[in-house]
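This report describes a structure with attention to its chains, its strands and its helices. The sequence and the structure are shown first, and the description follows.

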Amino acid sequence: MLPSWLVVGASFAYLMVLFAVAYHGDRRADQGRSVIDNPWTYTLSLGVYCTAWTYFGSVGRAASSGIGFLPVYLGPTLGFALAWLVLLKMIRIARSYRITSIADFIASRYGKSHVLGGLVTVIAVVGTVPYIALQLKAVASGYTLLVGDHDPALHPSGLPGWWSDGTLYVALTLAAFTILFGTRHLDTTERHEGMVAAIAFESVVKLLAFLAVGLYVSYVVYDGVGDLYSRAAQHPEFSGLLGLEGMQRMGYGGWFAHILLAMLSVIFLPRQFQIAVVENVNEAHLRRATWAFPAYLLAINLFVIPIALGGLLHFGRGEVDPDTFVLSLPLEHGDMALALLVFVGGLSAATGMVIVEVIALSTMVCNDLVMPILLRSRRLALGARRDLTGLLLGIRRGAIIVVLLLGYVYFRLAGEAYALVSIGLISFAAVAQFAPAMLGGMYWRGGTREGALVGLLAGFAVWIYTLLLPSFAKSGWLDPSFLEQGVFGAGWLQPEALFGLEGLDNISHALFWSLLANIGGYVFVSLRRAPSGAEASQGMLFVDVHRRGDGLPTSFWRGSAEVRDLMPLVARFLGQRRSEEAFADYARAHGVADALHLRADAELVHFAESLLAGAIGSASARVMVSSVVQEEVLGLGEVMDILDEATQVRAYSRKLEEKSRALEAATAELRAANERLQELDRLKDDFMSSVTHELRTPLTSIRAFSEMLLDDPDIDVADRQRFLGIVVSETERLTRLVNQVLDMAKIESGQAEWHTDDIDMRELLQHAVDSTGQVFRDRGVDVELVLPQAAPVLQGDRDRLLQVVLNLLSNAAKFVPRGAGRVCVALLDGPQEVRVDVSDNGPGIPAGMEEVIFQKFRQGGDERSRPQGTGLGLPISRQIVERHGGRLWLSANSAAGATFSFTLPLPAAGSTVELE
Amino acid sequence: MRKGLAGQRLVAVFIAGMLLLNFPLLSLFDRPEQPFGIPLLHIYLFAVWFGLVLVIAWIVERGAR
């Protein structure tokens, strides 16, 4: 046993640490260096799912039903597999429309309805206040166990007077904490960084404490997990815990129902919504949480069964409440320090849940219950008080204290009653009622206000009848015969076997009937009429939140407004400074210097309304905004019109974008074509000047010699003969040139005549070498001809191809060194084409000129070293070869010689090359 | 494209998890056998759970790169 001052001291020291962590978190947030802007903190804060009910109760449930406690944690694992789809959408919606609670979410989705928001708040309060009481009870019973005064003889009343009850002080400390860090100022996003930091810290503490006691029981008290199982196997009364039969009535149906229930709870519990959606700093954090949160749950559940078995083996069944095994096992073995650590872990589990739940509930109570009532009162709505921020904060703080005290009072009144100890899953079943309206609202445009209202009411009523009232009856607060006979003695109205449905445990039974009534009411009533304008517009905004900016207007609103009306309205609820800042930011983002000069269009009205919605809830914000602006009430038709308009605008702008892209592309093409034309023009000029230059050279010499002959009749015969020879040869050259130019022009314009013959390349090459033999011999050049044994016959214009070969040979002849030149002509026979290589041992083509030489009138080398030639040979040859479907290129080039190659395709079997 | 693929994978994992952790597949493992001295059912549940965590982690963290 521990002295009570130590336990109390440790508890309050721990709570002070919490204050310090939260204070640090808030400070860092103010400095802009957020501690919670990281996925691990987000994941840990989600651990608020594990409350004292998990911490103490899991072992208790494992002790009675074996593995049956597990679905409560398997459900969230499966649910989080879909978190990236469902939760992300929720976060987007909440962020876009400044939604700060589940009540607000549902109210906003179904046309900003006060009634719906209020109903959701009532369900949340009724469903979770007992759960808060359970946390307080866990702390209280842990304390009494630790200080050892749980002997009824010492305290006949079982509980000390309220003034000396430490639990009350814990509750009040928690209220102080929540007020300090939960309502520090009015924030339009309702984010509480310090509080989240503290919750993340608590998640670490409870995980470590639970793992510590788990390891202690498994490896210090016993010889490992295997040892525990084998010992348990020796007790036949525990054998049920090792399989599924230990679950008794739950069965497979109950197993599935519990998974489903937990899956829904992990999203729809007010505290989970608060942490996962409202307090989310960055959507990307959800990515890590998707797997890390289930991993956290796995870790905290690893030792539940070993501890339960250890407790049962040590104490036997019925001696000690299994819910306290985590504490009583270390106590029994005299490990006081560990017991204290475990108690602090339980305290962290309880306080974490209470803090977040109370913040979430106080936001709901303030925005969806109190504000609508206050707004009804004429005095407030008309603005008798200028600044309402103080009032708002006051309501929040009051709500926090009231909710906590309600929890405390319920805990005092209920004591050990069944209604309190079994509240965990009953509470889950209450919040599961939000699922149809929430999920339906996110994925179905057709849901209406009445549908959601009827569904929620029906589900809630069935929940009360099948779970809450029976739990009261089992606690002795109602006549227990109600359980057996139902109301009015009608047997078919038995609350735990409604309409005679049996074979399910009470939770699964209630979940089935309540969700049936809920979904049925929601769907069928929604389908009675088409959604109204307000419902349809909100439905569109929610369902298509991922498509925003893609044909969806930011708001559906028509009317006229004045900036000078909107700003003071927002300032009344947000405070002068914050609202001025917000409007100034908005103006800056829209490129307007002064917020007063903003155009009060639909977007600005939407902006002002969202600001207000963050502070007072969407339904109240709607009422307030509509009190200062003139607006049209939109029917479904108008909403559709606005949507069509927006879609059309979007479609037009997309078309415009496409057109401008097409125009740009066309411009680029035109520019390219223009450049090409200019290039061609330049080429033509070059061509002209080259041609005239080439024509002028022979003409000049012809004219010079002719004039000499004309002027001087006395020239002797030998000279005359020589001059005339030059004139003739120059004339021949001129003729050749003109012929080549004509030839080129013909080929290029496609007017050349082509004669198709069968060609034997061996014969053609032999002929070419023979006919140029004299030239080579004159220059002392060796010509080598390498021919295969046989070559296939191909089809083409024999004269033209001969021209190509002659051209290559004469080129080679021009460049090889006199007296030591070597030229090699080789024919290679391939499967699809023949290839001709003409190599020489000349100086090669200068670097950079490899392609230039194939252009018209361009010759390699500089002007002086350039041998005689028209500069048309290679271009013409290339044209001819390409016309035959082949290629002509420079295949090898070095200072030791160059090789020109060309290929000609062989005719495919049964077809011929068409030259034309 | 990548995001869409990850979403489809997560839905598939969800369905697989629902099947693996419920009747009738679950009943196949409710046997008296005790590998490593631990009931087969308990090993199976925690192993599937751990496997789900790993697969989900692989899917979402891969998409993050």
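Which residue of S5(A) is the bridge partner of Ile759(A)? In S5(A), that partner is Leu794(A). The model in which this pair is found is a predicted one.

**A strand pair in chain A**

The pair belongs to strand S3 (residues 757-760) of chain A and S5(A), which run antiparallel and are joined by four bridges. The side chains of strand S5 (residues 793-796) of chain A alternate along the strand. Leu794(A) and Gly796(A) point to one face and are buried, whereas Val793(A) and Gln795(A) point to the other and are not buried. Leu794(A) is thus described twice: as a buried residue of S5(A) and as the bridge partner of Ile759(A).

**The open sheet**

Chain A also holds an open sheet of five strands, in the order S4-S6-S7-S9-S8, with mixed pairing. Its edge strands are S4 (781-786) and S8 (887-894) of chain A, each of which pairs on one side only. On average, neighbouring strands of this sheet are turned by 15° against each other, direction ignored. In general, the strands of a sheet pair through backbone hydrogen bonds, either parallel or antiparallel.

Within the sheet, strand S7 (residues 833-840) of chain A pairs with strand S9 (residues 897-905) of chain A in the antiparallel sense, over seven bridges. One residue pair can be named here: the bridge partner of Asp837(A) in S9(A) is Ser901(A). Helix H33 (residues 761-771) of chain A packs on the sheet and touches S4, strand S6 (821-829) and S7 of chain A. The direction of H33(A) makes about 170° with that of S6(A).

**Helices of chain A**

Two packed helices are described by the angle between their axes and the distance between the axes. Helix H12 (residues 251-268) and helix H25 (residues 506-526), both of chain A, pack at an angle of about 60°, with their axes 9 Å apart. The crossing of H12(A) past H25(A) is left-handed. On the side of H12(A), the contact is made by Gly253(A), Gly254(A), Ala257(A), His258(A) and Leu261(A); on the side of H25(A), by Ile507(A), Ser508(A) and Leu511(A). These residues divide into four nonpolar, four polar and no charged.

Helix H22 (residues 434-443) of chain A is largely enclosed by the rest of the structure, because seven of its ten residues are buried. Among them are Phe434(A), Met438(A) and Gly441(A).

**The two chains**

The table sets out the elements and the buried share of each chain.

| Chain | Helices and strands | Buried share of residues |
|---|---|---|
| Chain A | 36 helices and nine strands | 47% of 916 residues |
| Chain B | two helices and zero strands | 22% of 65 residues |

In chain A, 81% of the contacts with a separation of 6 or more are between residues 24 or more positions apart.

The C-alpha trace of chain B spans about 45 × 25 × 10 Å along its principal axes. Chain B has a radius of gyration of 15 Å, well over the 11 Å that the globule rule gives for 65 residues, so chain B is more spread out than a compact globule.

Where the chains meet, 27 residues of chain B are in contact with 27 residues of chain A. Helix H1 (2-20) and helix H2 (40-64) of chain B are the elements that give two or more residues to the side of chain B that touches chain A. H2(B) provides the largest share of that side, eleven residues. The residues of this side divide into 20 nonpolar, six polar and one charged.

Key. Residues are numbered from 1 along each chain as its sequence is written. Chains are lettered from A and ligands numbered from 1 in the order in which they are written. This is a predicted model: local features need pLDDT of at least 70, side-chain atom pairs count only at pLDDT 80 or more; totals for chains, interfaces and linings use all residues. Two strands pair if DSSP finds at least two bridges between them. Axes are lines fitted to C-alpha atoms, for helices over the stretch in contact, and angles run from 0 to 180 degrees between N-to-C directions. Two residues are in contact if their C-beta atoms, placed from the backbone, lie within 7 Å. Ala, Val, Leu, Ile, Met, Phe, Trp, Tyr, Cys and Pro count as nonpolar, Asp, Glu, Lys and Arg as charged, and the others, Gly among them, as polar. The radius of gyration is taken over C-alpha atoms; the globule rule is 2.2 Å times the number of residues to the power 0.38. A residue is buried if 20 or more other C-beta atoms lie within 10 Å of its own, exposed if 12 or fewer, and partly exposed in between; C-beta atoms are placed from the backbone. A crossing is left-handed if the near helix is turned anticlockwise from the far one by less than a right angle, and right-handed if clockwise.
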